[in-house]
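Subject: Structure handover

Hello,

I am passing this structure on to you. Please open it alongside this email.

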Amino acid sequence: MTNYRHGQMINLIDEMNSPLLAVEPQRCVLVRHRNGECLRCAAVCTTGAISLGEEGIVVSPEKCIGCGTCASACPTGCLTAANPTDEELFGAVEAALAENEGRVAIACERAFAMASGNRMKRDSCDATAPSFVPGKIAGATSDGRPLVGVVCLGRVDESLLVEATARGARSIQLISGPCESCPHRCGGALSDEIIVCAETLLAALGTPSPIDRIRLQHASDTREILRLRPTASAQDDTNAVNAATVADASGDCLSESGCPVAPPTGESQQDSREPQFAHVQADGTLPHFVPERRLRLFNSLKALGTPAAPTVTTRLWGQVTIDTELCRSCRMCTVFCPTGALTRFDAANDAFGVEHRSALCMQCRLCEAICPEQAIAVAEEVSTDEFLSGKKFRFTMQPIGWNPGAEGSIASRMARFIKVDNLQEPQAKVKSFDTAARREYAQAREARRREIREQHRP
């Protein structure tokens, strides 16, 4: 058991890297800054592979079943589902849509098990039992629509639902067993949240939702609705055996069910790696990235047309506001922002501050958590026009009360330590203030901050 607040999070989260779940430790909010407050993966993990104990985050990679629910909850793309990958899953959904005139059904593994009388090939030696391969078409519904399987519906995120809609999906059924009694019930709860979010986004663009959530309570009802494919031929069985023993191009192996498993012998890939945090960039900020899922979702929304509502409220994007009266103008929020939604600007007239783009904000709330003055707030409501157009909103900050380029300043010492030219460059410099004037200004600013804090106290 390791406490993530002791600086071990980069090694801890990297332990979850496997053929079932791809991990980019540098994208984790808690890796980027130890005072981050994101624990969404632990909150939704369906098996306890990632959990929060008394001493901090606990990971148990052997418990991971590759359901992908944690990846759907992760705001920054630190965790990426690999069982199947997004490309594989959407490929199956796209093929199903083409096969049945824009109609598809996606069902969780428990629904498959209920329909087969629990005789799933994943769990049974019966060669005639229906096979369950996540991300593959494994049957059809009673009304003829192709049926794609996933371990848990928490795996199906907004990017898949909206992209399928943008590509002409007329009906998307999401089918599960009784989530309330399922050991993986938190995945079902996240699925409900994802559906609401996807429908909200579609409504904001005036697009009707094709999503239909179906919960099956009894095995008899499930068998009436789902028609699973049995193992079709001896050739299929031969292929399954070969898949269980032959490594793919990445060096990983496929299990009988088609799920990736670690190589049976030798050192695993994650055991041989030393996770390293990338060096800061030339401007003193940590590297930026935007999750592939968010890019696909954004492009799908753009393809659907113009906004039909002035604002949209979801779990995915956020609108940052900065109280410039409280702000100390340190601009540390731009250093740690994962996506570059917050960036610095320095104008020719010596004005400086921070620019924000809601289109890049992942609502990770890291800026909100680490601001020393609590001057930053992140709202879930975003202007649809600003969001879809990628507009920037500028927060012009007040001059700071010292010269950040001075030899002994914290900024200069930090710049020397991390080997960049200047952590605060380009930065508006204090002009010809003498020491007394600078001190007077700093004292007035501090008094104003105390006054504002007193006004906000309950």
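Below is what was found in it, sheet by sheet and then for one helix pair.

Please keep in mind that this is a predicted model.

The six-stranded sheet

One open sheet is built from 6 strands. Their order is E9-E8-E5-E7-E6-E10, and the pairing is mixed. Strand E9 (211-215) and strand E10 (226-228) are the edge strands. Each of these two pairs on one side only. From one strand to the next, the twist averages 30°.

Look next at E6 and E7. Strand E6 covers residues 137-141, and strand E7 covers residues 146-150. They pair in the antiparallel sense, over 2 bridges. Isoleucine 137 has valine 148 in E7 as its bridge partner.

Helices on that sheet

Helix H5 (residues 86-99) lies across strand E5 (103-108), E6 and E7. H5 runs at about 165° to E7. H7 also packs on the sheet. H7 touches E5, strand E8 (171-176) and E9. The direction of H7 makes about 150° with that of E8.

The H7 and H8 pair

Two packed helices are described by the angle between their axes and the distance between the axes. How do H7 and H8 pack? Helix H7 spans residues 158-166, and helix H8 spans residues 185-204. Their angle is about 40°, and their axes lie 9 Å apart. H7 and H8 are therefore oblique to each other. The crossing of H7 past H8 is right-handed.

Which residues make the contact? From H7 come Glu158, Leu161, Val162 and Thr165. From H8 come Ile194, Cys197, Ala198 and Leu202. Sorted by class, the contact of H7 with H8 has 6 nonpolar residues, 1 polar and 1 charged.

The three-stranded sheet

Another open sheet has 3 strands, in the order E15-E16-E19. Here the pairing is antiparallel. Strands of a sheet pair through backbone hydrogen bonds, either parallel or antiparallel. Which strands stand at the edges? They are strand E15 (342-346) and strand E19 (393-396). Each has a single partner strand, so one side of each is left without a neighbour in the sheet. In this sheet, the twist averages 30° from one strand to the next.

Strand E16 (residues 352-356) pairs with E19 in the antiparallel sense, over 4 bridges. Valine 354 stands opposite phenylalanine 395 in E19.

Best regards

Notes:
Residues numbered from 1 in each chain as written. Predicted model: local features only at pLDDT ≥ 70, side-chain atom pairs only at ≥ 80, totals over all residues. Heavy atoms only, no water. Axes fitted to C-alpha atoms, helices over the stretch in contact; angles between N-to-C directions. Parallel < 35°, antiparallel > 145°, perpendicular 65-115°, else oblique. Left-handed = near helix turned anticlockwise from the far one by under 90°. Contact = heavy atoms within 4.5 Å. Nonpolar A, V, L, I, M, F, W, Y, C, P; charged D, E, K, R; others polar. Pairing = 2+ DSSP bridges.
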